[in-house]
Structure formats: structure tokens, C-alpha cells
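Here are my notes after a pass through the model you sent over. Have it open while you read, and skip around as you like.

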Amino acid sequence: MSNRFHLVSVLATSFLFASLAAAAGGEPFVQVLASSSRNVSVETWEANSRTITPSSPIPWSVRKFKLHGGKQEGVDVIVVDNGKLQVAVCPTRGMGVLWATLGDVRLGWDSPVKEIVDPRFVNLQERGGLGWLGGFNEFTCRCGLEWSGHPGTDKFVNNVGDEATMELTLHGKVANLPASEVEVVIEREAPYRIHVRGRVDERMFYGPKLEIWTDLSTEPGSSGFRIADVIANHGDAPQEFQILYHTNFGTPLLGEGATFVAAIERITPFNAHAAEGMATYDKYAGPTLGFIEQVYKIKPAADAQGRTRALLKNAKGDRAASLTFNVKQLPYLTQWKNTNAVGEGYVTGIEPGTSFPHNRRVERQHGRVPKLAAGESRNFQIDYTIHVGEAAVKAAVDQVAAIQADRKPQVDAEPEKIE
Amino acid sequence: MSNRFHLVSVLATSFLFASLAAAAGGEPFVQVLASSSRNVSVETWEANSRTITPSSPIPWSVRKFKLHGGKQEGVDVIVVDNGKLQVAVCPTRGMGVLWATLGDVRLGWDSPVKEIVDPRFVNLQERGGLGWLGGFNEFTCRCGLEWSGHPGTDKFVNNVGDEATMELTLHGKVANLPASEVEVVIEREAPYRIHVRGRVDERMFYGPKLEIWTDLSTEPGSSGFRIADVIANHGDAPQEFQILYHTNFGTPLLGEGATFVAAIERITPFNAHAAEGMATYDKYAGPTLGFIEQVYKIKPAADAQGRTRALLKNAKGDRAASLTFNVKQLPYLTQWKNTNAVGEGYVTGIEPGTSFPHNRRVERQHGRVPKLAAGESRNFQIDYTIHVGEAAVKAAVDQVAAIQADRKPQVDAEPEKIE
Amino acid sequence: MSNRFHLVSVLATSFLFASLAAAAGGEPFVQVLASSSRNVSVETWEANSRTITPSSPIPWSVRKFKLHGGKQEGVDVIVVDNGKLQVAVCPTRGMGVLWATLGDVRLGWDSPVKEIVDPRFVNLQERGGLGWLGGFNEFTCRCGLEWSGHPGTDKFVNNVGDEATMELTLHGKVANLPASEVEVVIEREAPYRIHVRGRVDERMFYGPKLEIWTDLSTEPGSSGFRIADVIANHGDAPQEFQILYHTNFGTPLLGEGATFVAAIERITPFNAHAAEGMATYDKYAGPTLGFIEQVYKIKPAADAQGRTRALLKNAKGDRAASLTFNVKQLPYLTQWKNTNAVGEGYVTGIEPGTSFPHNRRVERQHGRVPKLAAGESRNFQIDYTIHVGEAAVKAAVDQVAAIQADRKPQVDAEPEKIE
């Protein structure tokens, strides 16, 4: 720890960031925006293709700024414009993806929560463990890392080595923790991929020593972006973990007649209420006051390499967004239908994960809580693509059909038995 | 959300506030001090009559600054001096009124809590739901908006549409939320009323979508100020709400022999302990170590328009402060006697509200929890006046008597039956 | 309160600190670094022997700076270099002692918690009351003030004067509260002792009105530092309190073969698991994956003045660190062995206190929860010394032996009976 502070002494008198960009043209450009190990945080920063990748045919830019006012005072946001698509990441809220836009397509939704809330205003324990809902408005919000599902009692090992119980809170802590390391990395060779990277730590004495290195990247001029995360256990003992990529769509993709399309091996209603809607799980209603959420648990069908795809298609069939991922990394997919009235939050979730969103206690009983050995890490990748035009949408749907091939999905009429 | 961020991009590079003052002389002067929708927060600001209302015969000023040190680091305060009376508002703590002074009269009290506490240091759930007490030292502290009373279990509707239970915390959340919009508005025509306005949001997915626009205003040279709030339900479903204006007096008005004067239709002791003091509910003792709070629930008598008044008069009868409000807006009045020793908090509360301070579960059983339809709003106004001199105090007391007229208050010997 | 704000108006427009240094040479130099009563906080500051004590033969320096990035954004740290020993104090975390170094000896440990965590990111109530563990990485972390021990239910008196129950959280609140007053005081006469002082308040309406003035001081050129704290009850009623100086050692002093040396009247295992290790309580193993903490409760033997000493000696016997304190102030000593694997936190604690770390309910039953009368205060002093070289280590050990004299420690085979 003394070494850390010797470093601090060098940096503390300066508000300038440390530019780690290597001199060599082939090395990527690296800009540290925040670092607790280097004692750095950058208030505002901006870069663009002209200075960093002058040979790029497509102009791009990255801007980092702070939000002001109310519960979002001091919250950091990074907006990447790849020349075609814009995407916003929030380091203060666990590197969550706030929204993305491409022309008239917006990825995201209109939550009743209007501000990008400083996690220090969120008490995860309030409302019987539902406090997470007070900050929830991201397009993609990571749920995890120690647990990712519903609130409720689960066991853990306490400081005297005894099995004790604790109340898990909805969707875990990672979305309400600031990233401890944040950097922008730009590849200097075509296609000049732009990365926004951040490390979020869930560390506790007598608790998890989990770190997630998140990496959101996009190629200039492309119609999508990639999330490529690494979760590592830095403890010396094995550690359970969970992650769920809670990806949420409102208008314009979601609307009456919008369709959910996925390659499905098996689909199971989350509860009796969802079972009632089983026949039309893939169709969306317009905003419906009093609509109660319906959740479906999906074991995706995948190709030989494990790749699968799920997408949301608008009613007209000329706009869609897809998530492409690998079931070896993310074996479970949750579809969350919440087509309530606009003011209540009209939204659907497409949520690949290591688990379904039951309480960890339930997921463990069903063998859906993975463990990391000491020092072990695991990779998770999701490619998000926006499809514009009937032909592009049809091609995206066809690709799902190709994965499905002639396999008939098993459609369960009843929920899984839960103790 | 993308629109919001386009706006952000315009403003983010500037630390200057947006002056919204219209050019026309008749339009009020408006200064935005914080705004999460406009991405603005102003560190310090000052205005006075010379520049804004040069024709005003009475010099006034408004100052906005930040507090520093300990638990109040970064907390915002706005002090209005109307030329005669000074009043302080805290945007960081839900637009609470910290104190007011007029000559030798101070409205406020000496809480054991000495700092103006950043809400992020307050855990409302601690101490069995009494965490609110760790920041409580305002003159007028709003209690609400989803609930306003005592801690304890109450029901709510959870994310799967089921009735579940949650632990309410003392006096709700609104006093520990920062205002999301803050502005000073000054009327350019006589009497040049000065407004400090702020919007505090209690928004949650699967929860309330309540907003309160608070407005504290005062006329230059006057002996009081007005609170005029609007609570609105921005959800698409009906929403319960509560508000209680927890207005607290210590010295110099409170003292041995001070008197509480109110127009009363009915008065009921809160519990058996309060019942013991029923005969002397309107008289105050000096600081008394070990005094246990006594609370009285009052249905105020009102004039034909619904107006009523309650006041606290000092022992000598030459200083008083009154609250004038309308029972159509605020039908219930709570008197809180807590004449404990000085170091424990010698204080009395005069608290108009939509409810009494029982747990919401109890208030609901007695029909005292109002509901707002989708999009509906309600207004609440309280006029605070400081009365100086025996004649002025007598006039204020006479006005209460005029409201009371020949109606005899119903004085209950027993508390209300509570399940 | 109005007086406070008049003062605020003077200071609010300035970012400069108030230098309280007296002109007279004999008066100590005083630098206020943060003060909620004076509305001051200083971003960075530095002083050294050349300007403050030019006649000091030993050069010293004090630096105050802010940490940046992640959960430590904005956290304040003060580092004192006495010319031989460096010690770091964290005002934001209750004036905790982060670490000290002297040559190759580091006092401190390598917690799995890597950042100096802003208390606003710590929810003490999480994990069944173990949330404190999310910020724990100090060398000396004060536990207290209202309670200092294990989580669990205890009684308290609520706002209506009734005895109610609340869930205590691990080790109390004081380590996760920012200091409300912080100052550096330097004596201008030899030996030019340097003090870092801070006041941390645990104040609540209907709760404690406890303040602790912490004072860490060191003499230029010396091999140690002193903590000299004063805890005062500012309420008008008697108030229970507890304090435990949770002092934690990792490498290089802790290692296989390291020895704990203390003057002991009686030693008792904390629980059955500790009882199993009773025979070797004073010997340390190397990092051992899966090691479950073993805790020993010690009633120290003391000299005629009440002084006692405990120390940790490295395996080679050429480095040690000792705590010297008085059993009239701190009658109980807890030894915490947690020689788990490095990544889990390889650490031992030597913890003088007013109590053992059982839940306050248990401590009260055994008469180990002191009370302060209204206005009463109590002093606590611990001298920390680093011993370098075999001769110095032997001398330190001999001093313990001299205190022990021919008294044979009572070694209990069984834990204390706990209801």
C-alpha cells in the first residue's frame, strides 16, 4: 500500500490525465480516464479521427463529460460516435450502456427514472430489496456479479466460517458500483476499432474478490457494437458468480405488433401468469395500463460453434436489433415482457446470462450458478446489431431460422417447479 | 434519451449557468441554479435588488453557495434576504427550509445534528427505520411523498403484480433527495416577490412517479414567507401519496410558558402518554431532561373558505410565528411536544399534513391517505408569518379566535383505536 | 444556526483555508484542513520543517491530497513523514490510520479491498450487517462509537421512549463517517511534535451525541506515533459507548513463525474453534487457504500505573511493532488471527478496546459497555512503536516480560458462556 501512495504523491498535484499512448504507430492509442490505482480522474475529454486515426475514411469521435444537477451530479458519461452509430456508456454506473442510436432507431427505453442516478443515492436494500429499481433506465444493465437475480434469502459463509443467511437484493451490485479503471483504446490500424473499457470491482473482505473488465467496442461506420467482458476471481478460494445482460427496448422497436425472434431449444414460463401468455410469447401488445410482467426462460438453440441470436423486430418489419452470443458463455436467455403504459415503463428485456433471474438459491438448486476457481476468469461476448430496411431485417431473421434449422422448440405449458 | 444527450453535448463544456431571463421588463427574472434535464449546476451565485429590480424601494438579495467540511461537503444552500427577513433553503436536502430570522426571532431549533447532512450519508433504513433522524435539523422539513409517517410494515405492489410488504422508514424519502431542478424567480413588478423553486422527484420503476415542485417565496420587506407546492403523479396509474410539513421551533419562541394556539375542531392524543398531558397540551415546559414526546392529532377548525391558523407564542406574549393554511389542502394538523433537555433537542413541531404521522398502514385504515389519478396534481400552501410586538401577537391570536368563533373543540381523553 | 450562516457568507466565496497559526513563536502552528463549523475544506496542502520549524534538525513534511478514481474519488488523505517514519491518515474514513512505514517495515496489510472507499459507497447494513467489510483495509481502524462489536439484535430507546430493538452492524459507524473538523498542529518547540487531529461525530436526534477528537502525533525522527483520542458525550443524558482500536498486521511482520507477545492476566478463546488453537495462540502460521479466524480475548497484565504492551514480532526476531496502552483506559485486548491465503486477506489484529468484539448485548451482560454521563469525556492513548534490529526487538519483548513479571497467565480452555 505504501507503493501506491508513493505513486499518489507524484500525481496528486496534477489534474492532468496520464496519456499512455505509445509512440509506435501500430500500438493502439490508450487514454486513461479514471484510475484508482493511478489516482487519476479526468473531468472532460474528447478525441476524434482527425488526430488519432487521420487515415480513417470514416470520421469518429469520443467524448467524456460529467452530468450535473439532482441525483446525477458528478456522474460520468462517455459517448462514442462511430460516424454512423452513437452509444453512451456510464462508468459511474458499472459501465452500463445507457443508449445507442442509429438514424431513427434508438436502443433504449423511457424509464420512469429520468436521471442517470449516482449509485450513492441508491439503497439496494430499500423496498424489500428492490432499491435497484430507483436507478434502472439503461439499455444494457449488467446484473451480477456475486448474484444477479431476484431478492430473497440465500446462504453465504460468514466471517467465522459458518453458513449464515443474507438477503440478496434485486439484480446484484455491479450496476451501482463505479468503475475503478476507465480507459478508451483506439486501434491505429483499420478498421480502427474504438474501445471503451472499464473495470468494476466487487471486492469485500470475507466476501467476493470478483472483478469484471468490461469492453464495449465499435468499428467506425458499423451498425453495431460489441460487449466483450472478462470476469475474474482474484481470491484464493473458489467463488460463485452470476451475470445477466439486462438489455431493454422501448420505442421505436417495441410497439404493438413487434416480434421477438430467437433460436429456441426450450422455452418455459417463469410463473403461472407468464404461462397464461405462453401462446403469444413472441408478440408484443401496445402500451397496456396494468399489464403485469411476463417472463420466459429460454434455453437457446445454437449452431455447431455455440452461436445463437435473438432479436426484436418492429411491427412494420423494417427495423430490428439483434444480440448474437455464444451459449457456451451465456447458456440462458430471459425474455421480459413489460408492455405496461408509457408512464409506467413500456419495455421488453432480452437478457442473455449465466443464469435465469430467480433468486440465486433457486438457480443453485437447478445447477445454474457457475463457480470460478482461484485466479480463474471467463469471457462473455455479445454483438449488438441494428438492422435497417426490410431486406436487412429479413436477413437477420433468416439467420435465426438457420440456427433453429428443423429443430422444434420445446414449449412448456407449466413453470419450472421451484421449492 | 438521445435528445437529452444532444443537449448535454452543448452544455457540457461550459460551467456557466443558463440565464433564462426574458428580455421584456414584465417577465420575471429566472435563474436556473441546478437542472438535471439541462445538465447544469451552479457553484455560487448572487443577485440583488440593484441589478434585478432597481425600482424596488426595499433592498433584497439572494445568495447560493456550497457548504464544506464533514458530512456537509458539497451541500447547496440558498439564502434569501428580503430586506427584513432572512430564510435559508437547502436544495440538496429536498428544498427543506433550514431556518428563518427576523431581528431577534429565529425560526428553527438546535438539533443534536449539527451539520446540514448530505443525504448520501443518511441510511434511512438504519436503526429500525429511524435513519432519517441522522439528518434532521430543519425548520420546515417535508415528510413524504410516497409515505410520511412512522416506520413499520406496510403493503405495496411488487414487480410481479403481487401485494407484498415492505418496511417504511420514518417520514419518507423526500427530505433526503436532492432537487433535480432549482431556480430563483424574481417578479419584476411590485411587490417584486422572490421565489426559490425546486423540483424533487420520487421516481422508481415499479414504484411511485411522484414529483413535487416546491416554491418558497417572500415579498421584500415582509415578515414572512410562503410555501406553495405542487405534487403531481406522472405515472399512468393512480398513486397514493402523503405530505407532512414538519415545522420545528426551538428558542426563542419556545420556552417555559410558551403557548400553542390553534383553531381546533377536535384534538386527540397520539397515544396513552400524550393522553396524560391532554389538559395542558397548549402549554410548554422549559427544557426537561427525560421528557418523552407528546403528540396531539388535530382536526383544525376553519373559516368558510377552509382557512385555518396555528401559532406558537413566546412566554412574554410579544413574539409569535404562525402557519396559515387551508384544510381543503391540508386537513390534519399534528402538534409535537418534545421539551427535552437542550442537548437532547428542545423542540416543538407544528405540522400540517394530508395525514397524521402514524404508519401509512394505519392512516390508510382511517381514510387519511389520498390518491392522485394519472397525471393529477394537488396544491399545498402555507403562509409563515413572524409577529413582533404585543399588539401584533394579540392580533394574530385574535384571528385564530375569530376562526374558532363559538365552536367548542372536541377534546378526546383517549387515543384513536389503532389495530 | 443563523450565526453559522453569517460566518458561511464570509467564507463561501473563497477556496482558501483559514490559517489559524498564531504569530507568537511559542504557539503551535495550526492549519485547518476541513471544518463544517467554519465551512472550510482544503483540496491540497503541504508543509515542511523548513518553513514551520526551521530550527528542527530533522526534516519533516505533511501532505494533504485527494484520491481519484472509482470508489475513492474525492477521498482525503494526509501523509506525515517525520523524517524516518511515514504514516497516512484518512479523514474521510473516520481518521483511520491507513498504513505506516519505516524503512523495510510496513504497518498494515493487503486487504482484498484495494481502494480507500468513500463511505457513501458502503452500506453497513448489507450482508446481514457485515457491510463494513466492503471498506476495511486500514492499519488501525476505530470501531465504535455507539457500538463496536459484532452484528445482531440489541435494544435501544426509540423516539416514544420505548425500549425497542435494532440490528447493530459490524464494528459500528465511526470508521465510515468523515471527520467534521480536521487540522494539523505542529509544535514550534523541540521536539516539534506533529499532530493530525480530527473530530468525528456520531450524532442523531433520539440517538447518541458522541464526538471523538482523534489525535495522531509523531516526533520528527522517531520510530513510532501516538494515538490520543477523547470521546465525549454532548448529550444531556447518560450515553453508552464503545471503542476498539482494530490494528491489523500483514507482511512483513506477519509470516510463518511470527509471534504475538503480550502481558496477560487471563486469555479466553472467543469460541469453540478458537479453543482448539489455544495451545498455540501466540504463534502464526503462513498463509493457509481456508483458515477460519481464531479470536482470543485477553485481560492484559499491567504495571502499577496500568500500562501494558502487546507486540508482533517477525519470525527472524529482528523486526517488531508494539502497542503500549493503559488498562485503565482500554481494559480489554483482542487478538484476531486470520492467517488465510494471501488473496483472502492474510492478517492478524491486535485490538485494545473498552470491550471485546461480541455484540453489545453480550458485552453489556458482562459489564463491558461503559457509559458517559452528560458532558463527560474519556481519554484513550496508544503508543505505536516499530522496533528494528534484534537488540531493539529483544528490549521490547523484555519490557513485556517485565510487566508480566512472575504472574502466570490464566489460560481458559473453554469460551466464556454467552446467552
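The points below go from how the chains are arranged to a few backbone spots and then to one sheet.

1. First, a reminder that this is a predicted model. Everything here should be read with that in mind, including the backbone oddities further down.

2. How do chain A and chain C relate? Turn one by 120°, with 0.0 Å of shift along the axis, and chain C lands on chain A with an RMSD of 0.0 Å. That is what a three-fold axis does. If you want to find the axis from chain C, look for R120(C): its C-alpha is the nearest one in that chain, 3.4 Å away.

3. Do the copies meet through the same or different surfaces? Different ones, because only 7% of the interface residues of chain C are also interface residues in chain A.

4. Now the prolines. Most peptide bonds are trans, but the one joining T251(A) and P252(A) is cis, with omega about 5°. P252(A) sits in the loop between β17 (242–249) and β18 (259–262) of chain A. Chain B has a cis bond from T251(B) to P252(B), with omega near 5°, and P252(B) is likewise in the loop between β17 (242–249) and β18 (259–262) of chain B.

5. Two residues deserve a look for their phi. Outside glycine, a negative value is what most residues have. H171(B) has a positive phi, near 65°, and is not a glycine. You'll find H171(B) in the loop between β11 (163–168) and β12 (181–186) of chain B. H171(B) is buried, since 27 other C-beta atoms lie within 10 Å and 20 are enough to count.

6. The other is R127(C), also not a glycine, with a positive phi of about 60°. R127(C) belongs to helix α3 (residues 126–129) of chain C. Buried or exposed? R127(C) counts as buried, because it has 24 C-beta neighbours inside 10 Å.

7. On to the sheet in chain A. It is open, with 10 strands in the order β2-β1-β12-β13-β14-β15-β26-β22-β21-β18, paired antiparallel. Which strands stand at the edges? They are β2 (40–41) and β18 of chain A; each has a single partner strand, so one side of each has no neighbour in the sheet.

8. Zooming in on the β18(A) edge, 4 bridges tie β18(A) to the antiparallel strand β21 (residues 307–313) of chain A. In one of these strands, β21(A), L312(A) is the bridge partner of F260(A). Helix α7 (residues 390–404) of chain A packs on the sheet, touching β18, β21, β22 (319–326) and β26 (377–388) of chain A. The direction of α7 makes about 140° with that of β21(A).

Key. Residues are numbered from 1 along each chain as its sequence is written. Chains are lettered from A and ligands numbered from 1 in the order in which they are written. This is a predicted model: local features need pLDDT of at least 70, side-chain atom pairs count only at pLDDT 80 or more; totals for chains, interfaces and linings use all residues. Copies are superposed by least squares on the C-alpha atoms of residues with pLDDT of at least 70 in both. Two residues are in contact if their C-beta atoms, placed from the backbone, lie within 7 Å. Helices (H or I, at least four residues) and strands (E, at least two) are DSSP runs, numbered from the N terminus. A residue is buried if 20 or more other C-beta atoms lie within 10 Å of its own, exposed if 12 or fewer, and partly exposed in between; C-beta atoms are placed from the backbone. Two strands pair if DSSP finds at least two bridges between them. Axes are lines fitted to C-alpha atoms, for helices over the stretch in contact, and angles run from 0 to 180 degrees between N-to-C directions.
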